[in-house]
Amino acid sequence: MLFYVVLLLLGAGAYYYHFKTNRKKIIERLETVVQRRRDDLAKNVQEAKRIGDKLDATRRDWIAGLDFEQLQGELQRGHVSAVEAVRTYFYKGVLAHQKTNAVTAFILEAEQQAEEMDEKAKSPSYVKPPMFGIPLSLKECLKVKGYDTTRGFVQDAYRPSTEDSIQIEHYKKLGLIPFCQTNVPQSLLSYNCSNPLFGTTTNPYDSTRTCGGSSGGEGALIGAKGSLIGIGTDVGGSVRIPCHFTGTAGLKPSKMRFAHRGGGASVPGKPMIDANDGPMAQDVKTNVEFLRNVWGDIDFQSDRDPYCPPVHWNESLYASEKKLRVGYYIDDGWFTPTPALQRAVLEAKKHLEAAGHTVVPFYPPRLTEVIQLYFRAVCLDGGQYVLNKLLKDIIEPTINMQVTLWMIPTWVQRALSYPISLVFPRMGVLMSSLTRDTFELREAYADIEAYREEYVGLMMKDNLDVILCPASIMPAPQHDIPSKVLCGVSYTCLYNLLDFGAGVVPVTKVSKADEEKLINEYPETDKWYQITKKATIGAIGMPIGVQVAAPPFREEAVLRAMREIEIAIHGK
Ligand SMILES: CCCCCC/C=C\CCCCCCCC(=O)NCCO
């Protein structure tokens, strides 16, 4: 017996030694890649600055002060050239990057693309596309010819895409000029924004706090006024959470409203958790103008990707005179949001009511079950795909919790979940989420289908057009918090599970009264509440958004409600 125990221990020791030595070699090799990539980025930023500085400062500052609609108009009238717009946004992008570390590469060819467009525009017969010359920022995982899509994995540096994705081709056809790529958390499966290759992107309002993720570079860049319009991706809140954390506005459409051919995914092959790309901007108005043009011309994408149905921009839904019926909630029953987030929903409710809409309570059913189904279906292989990639890389410390859970075998998590749930019930739920076998996975898929039916059934029963709810559980926390409170995505991941269109519009900022309420009334009943409360103390002045959602192909109703909230707040 003793012999076998000694043999087992020796075997385990040898395996551990081999694993450690192997990891050390991998890390040493990748550290040289990191250094090289960071040096290249520093040169790239210098070059972008040089291009931005070509423009006379007075002229540049004037163009820099134009909003999307004004710049679009000046470009259409020929009062501003595409080259001037690109140089201005290289300048503004560099400033925002210096503040937040948002950019992973400036697309230097943008200047030449702009020159060619200006040249074409000299011909009297040339009809300018609707977004002629407008600089567009892109989340790093979107495929642009000649540029990397590392998703924060060092191993994927210096493997540039050979083609633009269909969406990027389309944006160029509409006149937009991709001018930079923006940072992400390693693996994209987190709502912070740090990776070993490009480092940490910070919140433009407070550098000790995260800009959110995974489209965090976009949030930081747009929030710091370094871009007017950008594209993120969202499988659990990655467009909406950064918008909420950085005071910007964005929309995650339902899956089929964009072509996915030639695009990339964080984890390919998870059919029931629908991800999509979506626009992010300084306001809702810009998102509307962008989508009106893109979906107005969606045949371009449908012709190249037959899986993208030719569903056009629905102006009659967006501009309808018929008042909306809105269902709202301020607490999903799984994770009570901090006071500012609840107040934001109540303020948005008042704005919608003042505009003549009917707003009634709505209760999303069984969020505990939703959380389990979401994690089961998003990590459908128990996290194996991502873990395999991570073990061949330098692992980002701010996603430690995900990595730890992916490393513990599912059966061990299940065994531990019961005793843990006796003291920390919500942790018990998380630890019994990952699937044991394909039988259980099939059941989860069937349950998601049933939940979708139930949810839309409840909306139909009450004649609801859209849902209004919090965008998250808290304002932007410190960089390490999202991994510690993974289940804080309940407000956003629900709408991926349902495949609804869902967007976030900024409504308010955290006030002193919110902080007092937080200190006196916010629950401390488990570790997650304690972490959330502590992270929210000191967040006075941080932006707060609200979320609006509607079933697939009704994104225009979502945008309408978001825009009406925006008009009520800003008067324009
Ligand atoms: C036992 C459960 C283990 C859970 C491991 C965590 C896995 C996933 C965390 C999900 C958090 C989602 C954040 C948002 C991610 C997002 O939308 N990414 C966009 C990708 O296109």
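Q: Why can the protein, with its 572 residues, be set against a compact globule, and what does its radius of gyration show?

A: In this predicted model, the radius of gyration is 24 Å, and because a compact globule of 572 residues would have a value near 25 Å, the two agree. The C-alpha trace spans about 90 × 55 × 50 Å along the principal axes, and the protein has 23 helices and 15 strands.

Q: What makes the approach of Thr 233 to an oxygen atom of the ligand a polar contact?

A: A polar contact is a pair of N or O atoms within 3.5 Å, and a polar side-chain atom of Thr 233 lies 2.8 Å from an oxygen atom of the ligand, so the pair meets the cut-off. A backbone N or O atom of Val 235 lies 2.7 Å from an oxygen atom of the ligand, and a polar backbone atom of Gly 237 is 3.4 Å from an oxygen atom of the ligand, so these pairs also fall within 3.5 Å.

Q: How much of the ligand does the protein bury?

A: Taken alone, the ligand exposes 590 Å², and the protein buries 99% of that area. The ligand sits in the largest cavity.

Q: Which elements give two or more residues to the shell around the ligand, and which gives the most?

A: Strand E8 (229–234) and helix H15 (400–407) each give two or more residues, and H15 gives the most, with 3 residues. Of the 21 residues around the ligand, those that come nearest are Leu 188, Thr 233, Val 235, Gly 236 and Ser 238. By class, the shell has 10 nonpolar, 9 polar and 2 charged residues.

Q: Why is the peptide bond from Gly 213 to Ser 214 worth a remark, and where does Ser 214 lie?

A: Most peptide bonds are trans, whereas the bond from Gly 213 to Ser 214 is cis, with omega near 10°. Ser 214 lies in the loop between strand E7 (206–210) and helix H7 (216–223).

Q: What is the sign of phi in Arg 366, and where does this residue lie?

A: Most residues other than glycine have a negative phi, but Arg 366 has a positive value, near 45°. Arg 366 lies in the loop between strand E12 (358–361) and helix H13 (367–378).

Definitions and conventions. Residues numbered from 1 in each chain as written. Predicted model: local features only at pLDDT ≥ 70, side-chain atom pairs only at ≥ 80, totals over all residues. Heavy atoms only, no water. Near = heavy atom within 4 Å. Polar contact = N/O pair within 3.5 Å; in protein donor to acceptor, adjacent residues only side chain to side chain. Areas by Shrake-Rupley, 256 points an atom, 1.4 Å probe, with all protein chains shown as cover. 1 Å grid on protein atoms, 1.4 Å probe; cavity = no way out; pocket = protein on both sides within 12 Å on 5 of 7 lines; lining within 4 Å. Sits in = over half its atoms within 2 Å of the grid points. Helix = DSSP H or I, 4+ residues; strand = E, 2+ residues; numbered from the N terminus. Nonpolar A, V, L, I, M, F, W, Y, C, P; charged D, E, K, R; others polar. Rg over C-alpha atoms; globule rule 2.2 N^0.38 Å.
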